Amino acid sequence: MRSFLLRAGSLSATAAVLGLSLVASEGVAEPLAIRNSFRVGTSGVLCSAQIASADKRLTDLFDKAYRLTCRDAAGAVGSVIAVRHDIALGDPAMGLTSTTAQCGAVETVTVEGIGPTQSVLCHDGATAVDYRRYTLRKGDTRYLSEGLAGYDPVLRLALASVLNNRPQPGEVSVASTEVADAAAFARVQAGSLDADGARVEAYARNNDGRFAESAEFFELLSGRSDRPAEKAELIANAGLQQSNLGNFSAAFSLFQKAEKEMAQSDGVTQRLLRNYRAINLLNQRFAEAALTILDTPMSTVQADYDVVSAREGVVSNPLADQINRENDAMRRLGGISSGLTPLERAATLDAQASELRGVALTQLGRLDEGENALARADRALLSIRNGRLTSALWLRSQIAMERASIAETEKDNGKAGGLYRDAVGMLTASYPDTPTLLAAQARQAGFLARSGDTQGSLTLFASVVDRSEKVSDSSTALRDLLSPYFALLVEQGTPDAAAALFKAAQSLQRPGVASTQAILARELSEGNDEAASLFRLAVARTREIGRTEVEITRISATTVPGDAEREKLEGLKQTLDQLRAEQTALTARLSAFPRYNVLSPTTVPMAELQAKLGAGEAYYKLAIIGDAAYAIYIDHDGATTYRIDQSRAALEDSVGGLRNSIVRIENGQVATYPFNIELARALYVSLFGPVAKRMDGVRHLIFEPDGPLLQLPPSLLVTDDASVAAYKARIARPNADEFDFTGTAWLGRNRESTIAVSPRAFINVRSIAPSKAQMTYLGLGNNASPAAFPAGTGTDGCDWPLATWQSPIDPAELTLASSLVGKAGSRLLTGAAFTDDGLTSSHDLAHYRILHFATHGLVTAPRPQCPARPALVTSFGKAGVSDGLLSFREIFDLKLDADLVILSACDTAGMATAAVSREAGIPTGGNYALDGLVRAFIGAGARSVIASHWPVPDDYGATKKLIGGLFGGKVGESMGALLDKAQMRLMDQPNTSHPFYWAAFVILGDAEKPLLHR
């Protein structure tokens, strides 16, 4: 878990500690036979094998079965079994999903790592899916690997791994849609495991530092469980992961929910919840509050069974329960117990509490007391099963790093260095290739930097960044730890250092819209052949699976489900199984097409980006690490890197101050104030001062914002001091107009701007072919104003008031754009014809290259207690079907082939939460600006989107003039140049020179793309 800072950038973490397994000997690779899961292969698509102890083909205590899953496949792609009975290689009923498959002749093939192996290919004519089987005997054991033929490399590698009891190296070259991230894949894995196996994996991934993945496991498990004590533990762990991910209020709510499920006499869960609440406070640096929580009295924990009676041969019910638990664990993990007694669990949690106390005291500067508490925690952990628990070893490594930080603070670098080495050494054997190990090495590298070993620090940091590309879910654990690396690279100032900084910055998490752009680019770049159709269908099935899972979770949470709910739930579960099978089979069929077997690289070498930039173009990437902000400026002449002279908090204040001087909502009305031109100038100097001279030659700025800058268009920054002086002199005169900013040297004057969300996403969009649509323009808006809600309109307490529909936006801008394009190439859909159900059922939207929405955008929640669900206001359509809103989910489902979507509405550049994204079947992203309506339209098929950062104004015809400028340009002229010219016309008029009137719109995609074609 994250946190507990001793100094900026020096992070530590604390585990979820309920005992997983005994630790292997240091330096010796753990054999697969005692592991609950393992990665299949060493490169390529991420695939995993998980123990499947409930497999019906297991008949003996020593039989083993594994279920094989792969990223982007919604279900299992195959299985491996090792059994002590005969296997009929050609019998479909032996284990294949399809029992109607026809199997061909048995042949002998060579499998790397094994040698000659019998194999057979089976075909299911009903689904057009092929299956492959491999089998061989070794001693008394018969091994079988089988599954979808499209995943043949997985079947081979998994079989060799199980046979040899160690991971078989090799590349997994199979099809990937790249729709799912590590957390989404974790959901698939969690669903493929039994409850005990999933619980072990959930804790393991927490301790690995894979917090998003662990969250998925605990969320799924808490939904499955109907035992209060277990449910309380699982909900508490789900809350812990939210704290690890920085969602502190969500963590607090889950802890409250866990407490309601917990029995007051349950001393173990009490201790767990106490510790997790303290961790949540420490993650926010509330050390005093954490100490108060840690002082809370706990119930006494009794022994599971009477040890004396057990020695005399008396087997009590608690002892029988433990024996059964451990026998099940032995079957699953090859003979090593994963069970801890309640007394051992309580002792482990009390040791963790002592560690947390040490962290809190250290945060408060009470170093001696902190050191003593940490030392007590270490001794306590060593006393539990002689310190041989993997989770205890994990905790001890964290304690060592905390003690190293104290030693460093006390100027004892010798002791600190030794403790850092000890911590990394403890993790290397048991937690290889995990975010936890990478985070520990990043902390060690930070120490090397602070102690003067610059080269050692650079080498270790570079290794961490390189390996993070192959370690899933590592960006959260590493983000704040890379600050010393960024500082060293900036200090070096060489071209190689700039390239290294650019690479490291791309390892940080980006808005979900970046992955959506990547998927769109892959879809549009692959043509319209059979493979492209399979790709699109697989992506669609993935979304349907996500939505079905959310609906199952919602109904399962019903306190007292009725017959109708139970019947619907059973139907949804059957649908989910069918969807998973279909999606997995589709992905397997994609493997026949080589272009889908190649993973798209996520990072971009600086040289590749420079090659994509034209004359007069520059790429500016902002990266916020902890409280520090760094800039990477790239053009054809080279790259410049530097640290911004404002902290994250100062940048938040700057952005907030500028937005408040542009527009505020007061009593439901839009209010505008004199723009803070001095603040806009100061922010420009901070962001662009070191490259100001080079900016003079930039005609197109590609700006990749981070943190608070995601909420501000860069065009409103002021590029010279003379503008500020002139404005101040002007308003000092009698009767001066404080809203007149004519003559200001805005960054957006004579300069196009593109908002990018990652270098790869920008290159993808730049490379996409233009739309093939035959019609140019579709204008939509001006919803019909109802006198009352239509009959049948449902209510759940979170509906928008009727007034939302009763002030439609004037269609003048739509009419103007249509007239400029020409009637032959345009169409308007307004009034009663503009309905949500009409759009979702339309097959004509893909016929238009430009879609222009002039309607109200809803990006906040209608009431404080309600979730925010982004949507566009439409007319009401068919009763019982239409709700008068085109939702985030419905937008994602639209079938577009658009070069551009224009959202002329309120703050359409805002965010959607991760929960809303999941409801729409989108397994990644959320909680970032631009992840709302913008992302939904890109997912629907828009190459670029023009969105607004605040309510677009009707005063002085400002928006109409902007739209008129866009569509009044020449054929082939770029959308960025056209928008820039239109904005400059407003800049030069006193009434519209305030940024409120001209700066709201930004282009996400590529502003260099032409707006109008011949």
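This is a short walk through some helices, strands and ring pairs in one predicted model.

Hi everyone. Two housekeeping points before we start. Because the model is predicted, local features need pLDDT of at least 70 and side-chain atom pairs count only at pLDDT 80 or more, while totals for chains, interfaces and linings use all residues. Residues are numbered from 1 along each chain as its sequence is written, and side-chain values use heavy atoms, with hydrogens and water left out.

Let's begin with helix 7, residues 267-283. When I say helix or strand, I mean a DSSP run numbered from the N terminus: H or I with at least four residues for helices, E with at least two for strands. How far apart should the ends of helix 7 be? The expected span is 1.5 Å times one less than the number of residues. For the 17 residues of helix 7 that gives 24 Å, and the end C-alpha atoms are 24 Å apart, which agrees.

Is helix 7 enclosed or open? Here buried means under 20% relative accessible area, exposed means over 50%, and partly exposed is in between, with a 1.4 Å probe and protein chains only. In helix 7, 17 of the 17 residues are buried, so the rest of the structure largely encloses it.

After helix 7 comes R285, in the loop that leads to helix 8 (287-294). Most residues other than glycine have a negative phi. R285 is not a glycine, yet its phi is positive, about 65 degrees. Its relative accessibility is 40%, so it counts as partly exposed. K411 is another non-glycine with a positive phi, about 70 degrees. You will find K411 in the loop between helix 13 (390-409) and helix 14 (413-430), and at 73% relative accessibility it counts as exposed.

For a loop residue that is buried, look at Q168, at 10% relative accessibility. Q168 sits between helix 1 (152-164) and strand 11 (171-172). Which residues does Q168 touch? Contact means heavy atoms within 4.5 Å. Leaving aside neighbours within four places in sequence, Q168 is in contact with G41, E112, G113, L157, A160 and S161.

Next, helix 27, residues 721-731. Its buried residues are S723, V724, Y727 and R730. Why do they line one face? Seen down the axis of helix 27, they fall within an arc of 135 degrees, so they share one face of the helix; that arc is taken from the directions from the helix axis to the C-beta atoms. A general point helps: an α-helix has 3.6 residues a turn, so residues three or four places apart point the same way. The exposed residues D721 and A722 are on the face turned away from the buried side of helix 27. What covers those buried residues includes helix 25 (677-688).

Now to the strands. Two strands pair if DSSP finds at least two bridges between them. Strand 21 has seven of its seven residues buried. Strand 19 (residues 775-783) runs parallel to strand 21, with six bridges joining them, and M775 has Y848 as its bridge partner. Strand 21 is also joined to strand 25 (residues 898-903), again in parallel, by four bridges; there, F853 is partnered with L903.

Elsewhere, three strands make an open antiparallel sheet in the order 22-23-24. Strand 22 (857-858) and strand 24 (885-887) are at the edges with a single partner strand each, so one side of each has no neighbour in the sheet. Two bridges join strand 22 to strand 23 (residues 871-873), and G857 stands opposite L872.

Finally, the aromatic rings. Rings of Phe, Tyr and Trp (its six-membered ring) pair if their centres lie within 6.5 Å; planes under 30 degrees apart are stacked, over 60 edge-to-face, and the rest tilted. By this rule there are 22 aromatic pairs. Take Y620 and F703: their centres are 5.4 Å apart and their planes at 25 degrees, so the pair is stacked. Y620 is in strand 12 (residues 617-625) and F703 in strand 17 (residues 700-704), 83 residues apart. Both Y620 and F703 are buried.

F853, which we met in strand 21, pairs with F937: 5.1 Å centre to centre and 50 degrees between the planes, which is tilted. F937 lies in helix 33 (residues 933-940), so this pair ties together parts that are 84 residues apart in sequence. F853 and F937 are both buried.

Thanks for listening!
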